[in-house]
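Let's take a walk through this protein together, starting with the whole and then zooming in on a few spots. Have a look at the sequence and the model first.

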Amino acid sequence: MSLSRTIRIILILSVLAAVFVIRAYSLPTNVQFDSDAGRDSLFALRILDGDPTLLGPAASVGGFYLGPLLYYYIAVIFLLFGLNPVAVSLSYVLMGVAVVGLGTWLQKMYVSPTAALIFLLLATSSLPLVTASQSATNQPMMPLVTVLFLITYMFGLRKNSLRFDVLTGLVFGLFLHVHFSAFLIFIPLVPLFLWHAQGDVKRKLLHVCLFGVGILAMSSPVLVFDIRHGFITTKSLFEYIVASASGSELSDARPHLDAFEKLQLIGEQLTPVFHLTVFSLLIGSVSTFFKKNIWSSQYVQTLMVLSLGSLLLTLLYQGYLFPYYLLVPLTVWLLLLATLIAQVRPRFLGILLAIVISLLSLSRLSYNDKFRTVKNLSHITAVIEQDIKKTKPERFTVFKDSSDQMTGLGYEYRFLLARDGFMPHSEYAYKEADVLYYIREEGKADPLVSTHWETTEFGATQAELIAKPHVHTGIVEVYRLTR
């Protein structure tokens, strides 16, 4: 191996190590093990115990379900590394590193080394991408599947193979296991696919049909469930799409944004300052305008169509919008932004602009200690486990009272208890339990007058405070409720 090649490998590994450190710093105290993570972990544990599922997590809106791949992925992690949620979090961080590495490779392969360097600078410190890597649910997969799809799509165009159409569909179908926001790039993708497909009209349609076959194959678990249950999930998804397009029947308790607020949100996702995003796009677009070799690139065309199409759909979308809903199109937008900035001449000006954006992004990163971590929650479950050993209830269940809008089912507690061999009764049949452990994370609410569905179904008449563990920065009270 030549000296220059060795130096290049060392440099690449050093950069990826820096990307990893930025995302993994203070991992045990900075990454929350919340109810979504607890739900995913609990269902993965049930799979390992011989209880497979055709459905994945429920979408945050709409009443439909995603595919179950996330549950099976976590089950594999548990099988390899034990029932350790930190191992899952670490794998999510590695996904974030992969996004930066693969995105940089894409830029170098299809644009230029300068575009690769600029994307590396932007993506390494991108607040949304770093935050996604530190998330404890499906968010880390959203940028990764986006980059994997772009790689597969470009290889498919080069090969012009019908088999690659199916493979491209399979990779895109991963989105149906990850997040429904992929529809923002799917709608502009269909005409783009027809445009890029080679051959006459029949051949183009065949390409698109096989792409669809791949998507259907990847989503087959949910389809099998739907066929057996009257297409309940498909109907819910369709109703949500109609409601999103019209703005009807959507909750008013969430952030509904007007067009300017959406543009501001998008701009601040791309760079830390909205005006800096506008300036970067403007100078990059002007520098690119007369470069025919750039516009003739199928890769750049793909970025342009998916970026503009998803931007238009985001502006037309009438539902409420959380920042992580934009992770899929954001990954495409960031690749396009890096491509545009790379066209600025002299070249060092574009690189300098990317460095400024990266440094500003790094200054916005924070690593605050969180309450809902495995270590902190284990102090609470230890109290419950001790009481179970003492009182020996035949069936017990748990309820979490919190104002952070996380589910009262307390999946995070349920998993930690089940991991330790204390299996709670079904979270959907509180009335069948003998004891309900009421975890009051904050406030002074009386457990006996709680109006939550879980507690009213249980119908407690007696409540005993069994412990007040000091966790993180506050006191958590644990009650044993009986009839």
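How far apart are the mean positions of the positive and negative charges of the protein? There are 37 positive and 32 negative charges, and their mean positions lie 14 Å apart. Keep in mind that what you're looking at is a predicted model.

Now for the overall build. You'll find 22 helices and six strands here. The radius of gyration is 25 Å, close to the 23 Å that the globule rule gives for 483 residues, so the protein is as compact as a globular protein of that length. If you drew a box around the C-alpha atoms along the principal axes, it would be roughly 75 × 50 × 50 Å. Of the 483 residues, 52% count as buried. As for the outside, the accessible surface comes to about 22200 Å², and carbon and sulfur atoms make up 65% of that. The chain also meets itself across long stretches of sequence: take the contacts with a separation of 6 or more, and 74% of them join residues 24 or more positions apart.

Let's go inside. Helix 21 covers residues 411-419, and eight of its nine residues are buried, so this helix is largely enclosed by the rest of the structure. Those eight are Tyr411, Glu412, Tyr413, Arg414, Phe415, Leu416, Leu417 and Ala418. What do they pack against? Their neighbours include helix 3 (35-48), helix 4 (69-81), helix 5 (85-110) and helix 20 (374-391), along with strand 1 (396-401) and strand 2 (435-440). Just past the end of helix 21 sits Gly421, with a positive phi of about 95 degrees.

Strand 1, one of those neighbours, deserves a stop of its own. Six of its six residues are buried, so strand 1 too is largely enclosed by the rest of the structure. Phe396, Val398 and Lys400 point one way, while Thr397, Phe399 and Asp401 point the other, and all are buried. Strand 1 pairs with strand 2 in the parallel sense, over six bridges. To find your place in that pairing, look for Val398, which stands opposite Tyr437 in strand 2.

One last stop is Gln269, which belongs to helix 14 (residues 259-270). Is Gln269 buried or exposed? Its relative accessibility is 14%, and the cut-off for buried is under 20%, so Gln269 counts as buried. Leaving aside residues up to four places away in sequence, Gln269 touches Ser126, Pro128, Pro323 and Leu330.

Terms used
Residues numbered from 1 in each chain as written. Predicted model: local features only at pLDDT ≥ 70, side-chain atom pairs only at ≥ 80, totals over all residues. Heavy atoms only, no water. Helix = DSSP H or I, 4+ residues; strand = E, 2+ residues; numbered from the N terminus. Rg over C-alpha atoms; globule rule 2.2 N^0.38 Å. Buried < 20%, exposed > 50% of the residue type's maximum accessible area, 1.4 Å probe, protein only. Contact = heavy atoms within 4.5 Å. Areas by Shrake-Rupley, 256 points an atom, 1.4 Å probe, with all protein chains shown as cover. Lys, Arg positive; Asp, Glu negative; His and termini not counted. Charge placed at Lys NZ, Arg CZ, Asp CG, Glu CD. Pairing = 2+ DSSP bridges.
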